[in-house]
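Biologist: Please take a close look at one part of this model, the salt bridges around a single arginine. Where does that part sit, and what does it border?

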Amino acid sequence: MRLSLLAVGRLKSGPERELVERYRLRVDGMGRALGLAGLDMVELPESRARRDDDRRTEEAAALLEKAGSSVLVVFDERGKSLSSEAFAEKIRQWRDEGRAGIACVIGGPDGLDPKLRQRADLMVSFGALTMPHQIVRALVAEQLYRALTIIAGHPYHRAGHDDS
């Protein structure tokens with residue numbers, strides 16, 4: 001099963017990109033043993049449409065095209081707050097069902113089009129706070145890695161501890 005992180009906008013060079021890349025490499029290394037291909041990072045350009053709604057619509061179409069038939073996990077403040085264990089269990093379930101892939105989606109500065117949220121198989125929230133997209137990318141990459149460590153029974157994930 002293929003994992004991908006689809007994001008609107010480009011992550012500039014710097015510590016955030018380095019952190020995301022570190023977790024991408026960890027996912028790649030651990031995923032093979034669990035029946036998962038590596039983590040594809042796909043950056044889509046922000047729409048240049050004049051109206052917010054038009055920008056969201058254009059970005060949603062591009063995100064959905066890239067996601068294809070993958071399970072769609074959308075990160076949005078309206079989503080569910082899941083434990084890392086519950087997130088890992090969802091990934092394990094989709095893998096065991098033989099799903100082709102999981103596409104984790106982070107929208108642009110104007111947010112996500114309602115159609116994209118409706119199409120989502122799972123909508124996840126990191127809380128009601130507004131966060132910069134580069135931080136959300138790092139959180140998604142880390143949670144994917146953490147989920148794989150949970151599935152593998154690896155000691156990286158320990159309840160009440162964070163030794164990342």
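Modeller: R17 has a relative accessible area of 28%, so this residue is partly exposed (20% to 50%; buried is under 20% and exposed over 50%, with a 1.4 Å probe and protein chains only). The model is predicted, with local features needing pLDDT of at least 70 and side-chain atom pairs pLDDT 80 or more, while totals for chains, interfaces and linings use all residues. Residues are numbered from 1 along each chain as its sequence is written, and side-chain values use heavy atoms, without hydrogens and water.

The side chain of R17 forms a salt bridge with that of E43, at 2.9 Å from N to O (a side-chain nitrogen of Lys or Arg within 4 Å of a carboxyl oxygen of Asp or Glu). R17 belongs to helix α1, residues 15–31, and E43 to strand β2, residues 39–44, so the pair ties together parts 26 residues apart in sequence (DSSP runs numbered from the N terminus: helices are H or I with at least four residues, strands E with at least two). E43 is partly exposed as well, at 28% relative accessibility.

This pair belongs to a network of salt bridges that links R10, R17, E43 and R137. Two members of the network, R10 and R137, also line the second largest pocket (an open set of points on a 1 Å grid over the protein atoms alone, where a 1.4 Å probe fits, with protein on both sides within 12 Å along at least five of seven lines; lining residues have an atom within 4 Å of a point). The other residues of that lining are V8, L11, K12, E16, E46, P109, H133 and Q134. Helix α5 supplies the largest share of the lining, 3 residues.

H133 is also among the residues nearest the centre of the largest pocket, with F75, D76, E77 and M131. The lining of the largest pocket counts 22 residues. Two elements give two or more of them, β3 (71–80) and α5 (133–152), and β3 gives the most, with 4.

Helix α5 holds another salt bridge, E142 with R146, at 2.9 Å from N to O. These two residues are 4 apart in the helix, which means a separation of about one helical turn. Both E142 and R146 are buried.

In R95 with D96 the salt bridge is 3.0 Å from N to O. There R95 is partly exposed at 23%, whereas D96 is exposed at 54%. The structure holds 17 salt bridges.
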